[in-house]
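Work through the exercises below with the model open. Try each task before reading its solution.

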Amino acid sequence: MKITTVNPATEQELHSYDSYSSDAVHEIVNSVDESFAVWGAQSIRERMACFSRAATHLRSNIDAYAGLITREMGKPIREARAEIEKCAWCCDTYAEHAASWLTDEKSLADGIEHRIVYRPLGVILAVMPWNYPFWQVFRCAVPVMSAGNTIVLKHASSVSGCALACENVFAAAGFPENSFRTVLADYQTVNDLLAGPVVQGLSLTGSTSAGMRLGEIAGKYMKKMVLELGGSDPFIVLPDADIDFCATAAVKGRFQNCGQSCIAAKRFIVHAGIVDEFADAFAHKAGELNVGNPLDEATDMGPLVNSTSLQEIQQQLADACSSGATVLTGGTRVGDRGFFFGPTVVKNVTRRMKIFTEEVFGPVAAIVPYNDLDEALDLANECEYGLGGSVWTRDLDKGRELALNIEAGAVFVNSITRSDPRMPLGGIKMSGVGRELAWFGLKEFTNIKGLNVYAHKA
Ligand code: NAP
């Protein structure tokens, strides 16, 4: 099978790859399993030294890797550089903290010694999406490998160049041979790998439908799994909030990466008393974004990833407009070459419209008014997803209380949802199972083993 990558800004073909045969993939996975004997046996301090070298390598090659990201999936070059820097930061964070995060824990029971130790499982299959082609891989691999596991990566086909470049980072940083390998493989081969005896776990980031399909196989074959899936985060603005501050944050939270982020703010739930003022400020700032060639340093927003995404956004927006929603800015394709769509702010959205009920994976912001906090919370939680969410107010006590009642894995007061290697990330409801990052991500793919020692009867 041929895999062809396309530049979404120009619609030009970038590269054509032959996907690996099933035999070749299985041979690679066996070599990753052999490497587990080496990597898993190293002390955590030896492993951490590798991650420090990976951080240095990423920073030394930031322009090459960022350029590849931008060409393959279209994000502005400034955002692509920030993505590589974030991967390096994640490596540094684990190099500093993983040893203490993975320390054995003592427990009290009725014997002489009771200890909980964390042991790696073996080869973990990482199935990753295109939207943050390096960060998603490092967000999974750094904690999982810090714990002593090895990785085989099946990346999104559209970023096959990034998939191979990620493999190169681990080789160049001097990790044991085959401890991290990429396979360019078709779905059947991936499914067979997951069902087979070598792979011990699945870490999938992607759509909820892909999570359901691969999660079913993982469940059937008793494989540990972490699924990081779709989201439709609420952004709740209270009447005391500073409109300009919130509108600036809303632009970043909705339009960075052209709106193609699982933890993007997608539903703007705004107090009825300020909704018009907020909507106007938000639309004004969105309209100022510079949309165009993502390799240009001045560009704020690049294209959507492909024509299917473009069509989906257009359909979701058409559904809202036909039911009475009002477009304040954007709403149309930009140019006729490349998959560009203008940053779009929509008001008069209701809870029955698709832009409220479905995940909108593109640059469209839906604004819904509320009258009291119960209604705001009800709107926020009336959603099949539960990934992130934010509350905007000067009253931190009120903000904290509301945030804690949002049904999501990560909630923020006066900040857009963001991932941070020191905090766990993951969802509830249809947004997935399990956690990445911090000590939770480090321990997800470990055998949490209880060591119990009793006196020998004399
Ligand atoms: P996707 O279509 O589900 O693809 C994700 C990955 O799964 C790709 O590598 C894809 O390969 C692979 N895949 C899909 N079906 C498969 C199957 N049956 N067997 C084997 N592999 C399969 O998602 P996407 O379009 O790349 O990413 C967008 C979605 O990811 C959004 O819903 C977004 O919210 C979610 N996401 C979630 C998080 C989070 O942390 N929760 C983070 C980022 C993105 P191919 O590319 O070859 O099809």
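**Exercise 1.** Find how far apart the centres of domain 1 and domain 2 lie, and describe their contact.

Step 1. Over C-alpha atoms, 30 Å separate the two centres. The contact (heavy atoms within 4.5 Å) takes 22 residues from domain 1 and 28 residues from domain 2.

Step 2. Locate the parts. Domain 1 is 2-229 + 431-451, and domain 2 is 233-413; the bounds come from an automatic or database domain assignment.

This is a predicted model: local features need pLDDT of at least 70, side-chain atom pairs count only at pLDDT 80 or more, and totals for chains, interfaces and linings use all residues. Residues are numbered from 1 along each chain as its sequence is written, and side-chain values use heavy atoms, with hydrogens and water left out.

**Exercise 2.** Identify the salt bridges between the domains.

Step 1. Apply the rule: a side-chain nitrogen of Lys or Arg within 4 Å of a carboxyl oxygen of Asp or Glu. The count between domain 1 and domain 2 is three.

Step 2. Check one pair, Asp 300 with Arg 78: their closest N and O atoms are 3.1 Å apart.

**Exercise 3.** Give the strand order of the six-stranded open sheet.

Step 1. Strands are DSSP runs (E, at least two residues), numbered from the N terminus. Two of them pair if DSSP finds at least two bridges between them.

Step 2. Read off the order: E7-E6-E5-E8-E9-E19, with mixed pairing. Strand E7 (180-182) and strand E19 (432-433) are the edges, each pairing on one side only.

Step 3. Inspect one pair. E5 (residues 123-127) and E6 (residues 150-154) run parallel, joined by five bridges. Ala 126 stands opposite Leu 153 in E6.

Conventions
Helices (H or I, at least four residues) and strands (E, at least two) are DSSP runs, numbered from the N terminus.
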